[in-house]
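Reader: Could you take a single part of this model and describe it closely, with the terms explained as you go? I would like one connected account rather than a list.

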Amino acid sequence: MTVGRSLRQIAIVIRKEIKDSLRDRRALWSIVFSVSIGPVIIGFMMNRVADRQRETEQVRVPVVGMQYAPALVEWLRQQSGVIVVEGPQDPEEAVRNQEEELTIIIPKNFVEKFNQSRPALLQIVADSSRNDARPTVERVRRLLQQYGAEIGSLRLIARGVSPAAARPIDLEDIEVSTAQQRAAQILTFIPMFIIMAGFVGGMGIATDSTAGERERGSLEPLLVNPAPRLVFVGGKWLAAAVIAMASTALTTVLCAILPRFLPLEEMGIRFRIGPEHMTGIIAAALPMCLFSAALQSAVATLARSFKEAQSYMGVLVLLPMIPGVMGALYPIGNAPWMYATPVLGPYVLLTNVLGGQTPSINAFLTSAGISLVAAAILVRITSTLFESEKIIFAR
Amino acid sequence: MIRVEQLRKKFGTVTAVSGVSFTAENGAITGLLGPNGAGKTTTLRMLYAVMRPDSGSIRVDDVDAIADPHEAQGRLGVLPDGFGLYPRLTAREHLEYFGELHGISGGQLRQRTKELLDLLDMNAIADRRTAGFSHGERTKVALARALVHSPQNVLLDEPTNGLDVMSTRAVRTIVRRLKEEGRCVLFSSHVMQEVSALCDAIVVIAHGRVVARGTPDDLRKHTGHDNLEDAFVALASVEHGAHE
């Protein structure tokens with residue numbers, strides 16, 4: 001039994017398994033659907049955010065009691081993007097019923113107090129439990145504060161006092177994250193979806209060619225062919241990995257096309273996946289597919305039935321969601337141990353690449369190396385399982 | 001030629017095969033006859049190296065099948081019990097897949113595939129996916145893929161089980177043809193008539209051991225029953241170790 005012959009046989013098994021799985025139209029469509037859903041969700045969410053932002057820019061301000069402060073109303077009207085409208089009869093009821101995001105109430109005695117240079121009351125009716133109204137309320141509050149500050153400055157000047165004296169501190173926000181990083185924060189789910197595509201893509205072949213093959217009764221005739229078990233296991237593993245890689249590529253391409261249809265520029269976000277990112281994504285994600293396919297094959301081989309194998313696959317798909325969800329909640333660092341962890345390593349690499357950073361070659365090599373070693377161990381285990389009569393004939 | 005000596009196999013505390021020995025000659029059809037659960041399938045599985053015997057020896061054309069299972073497998077064509085097909089592959093693709101795994105390719109593989117499709121009268125179904133095949137059609141596919149590499153030794157585990165008359169005939173025709181070509185055919189069955197009609201030599205197995213062997217005539221003499229079926233019943237119901 002020469003190595004050359006074994007390699008040829010592995011290639012034969014890979015070709016058969018891929019041909020077989022590509023003919024399973026239903027499974028194929030479910031892969032395409034599963035790997036497209038991620039980018040589509042991101043696009044949908046981004047669009048909502050952009051809409052929200054646009055709404056904030058064009059803010060509608062209902063005012064009750066306009067006649068009590070014409071100067072203020074006039075000033076508001078002059079601010080860009082502000083539309084002042086007559087407030088509702090019952091402001092609190094209108095806000096509670098979400099007919100209005102907020103309402104400004106100008107009391108009758110506003111002018112009187114204003115003219116006496118005493119603090120004149122303005123009321124903002126708002127529902128703080130409504131997240132979507134919050135930016136609008138914030139904007140209106142800032143506008144009113146700005147108006148107050150301007151009037152205050154004028155009054156000080158009229159009394160011969162420098163307005164600077166009444167402003168002991170100045171606040172300035174300095175943003176350190178690059179636009180790319182901010183984009184990656186919002187689009188933090190993309191690495192998760194890319195990694196999940198690997199898991200989703202491989203699971204069909206991984207179950208069908210192991211637990212499925214046994215349940216169909218085609219495993220026994222297959223094993224009568226003169227080849228070591230490692231040939232069959234290796235071929236099935238690589239076939240699953242190839243489909244996993246293709247799914248990963250599909251998701252990546254969708255994620256690359258997606259930003260073109262999103263109003264990212266408008267939101268002040270520069271985000272694109274260009275050729276220079278592609279190399280990084282491939283180097284990070286493809287070795288992971290070798291690992292995920294090996295893990296799925298091993299688990300499916302251990303399962304007592306095809307059904308059982310399928311339900312295990314459902315659990316395994318959750319694996320890449322762990323770093324994804326963690327990454328969304330806490331900013332994920334890049335400690336060296338992370339690169340040396342399967343699934344997490346590629347996730348961190350992808351986050352960095354998409355954030356416009358270039359991780360070191362060592363980080364890529366560590367991550368790929370760990371995926372390969374883990375995959376090799378798992379394939380070895382599966383091959384040993386295939387030697388076991390209990391596993392082969394567990395029908 | 002297949003030579004089996006003192007084959008033993010236990011599953012936990014159950015002894016499935018307990019010292020089976022026999023020889024299946026070239027150019028002859030050897031029948032492995034026994035009731036269900038006698039150890040026929042386990043014996044065959046050890047022959048085609050998907051199970052390892054606890055002890056004993058197996059030689060396939062002078063190849064030690066235990067020490068060198070892949071070399072032995074290359075010389076065997078096997079139709080296992082309860083075989084399965086790939087529902088999304090066509091009949092022809094089944095032959096090609098196994099042929100390639102045996103190292104045949106190109107024109108040689110195409111030629112051999114064509115021969116078998118003609119021989120088993122499968123041309124009408126050759127390029128259809130096997131998903132909706134009848135039991136007879138499925139058996140033909142499995143038989144053809146077992147023979148695609150022209151093996152010298154052919155093992156058939158209850159090949160006619162559940163087949164209709166026409167398919168059974170087709171299988172018998174193939175088996176006789178293999179014998180004429182000088183091949184060694186070993187085939188298991190629990191059906192007396194079939195074995196007596198087809199086989200040159202019969203090995204009767206019961207309770208995991210060989211209780212009798214010989215030609216159909218030998219068996220009749222051996223048991224004192226003229227009727228082969230009575231002979232079989234007499235042999236199969238022998239108490240453990242009381243005979244032989």
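**A closer look at helix α3 of chain B**

Author: The buried residues of α3(B) pack against α1 (3-22) of chain A, and also against α4 (106-119) and α5 (135-147) of chain B. This is a predicted model, in which local features need pLDDT of at least 70 and side-chain atom pairs count only at pLDDT 80 or more, while totals for chains, interfaces and linings use all residues. Residues are numbered from 1 along each chain as its sequence is written, and chains are lettered from A and ligands numbered from 1 in the order in which they are written.

Helix α3 of chain B covers residues 91-101, and 11 of its 11 residues are buried (20 or more other C-beta atoms within 10 Å of a residue's own, against 12 or fewer for exposed and partly exposed in between, with C-beta atoms placed from the backbone). Helices here are DSSP runs of H or I with at least four residues, strands are runs of E with at least two, and both are numbered from the N terminus. Among the buried residues of α3(B) are the charged-letter positions B:R92, B:E93, B:E96 and B:E100, as well as B:L95, B:Y97 and B:F98. After α3(B) comes B:G103, whose phi is positive, near 90 degrees.

On the partner side, the buried residues of α1(A) include A:Q9, A:I10, A:V13, A:K16, A:E17 and A:D20. The 20 residues of α1(A) should span 28 Å at 1.5 Å a residue, and its end C-alpha atoms are 28 Å apart, which agrees; the expected span is 1.5 Å times one less than the number of residues. Chain A as a whole has 17 helices and 4 strands, and buried residues make up 41% of its 395 residues.

Methods
Contact = placed C-beta atoms within 7 Å.
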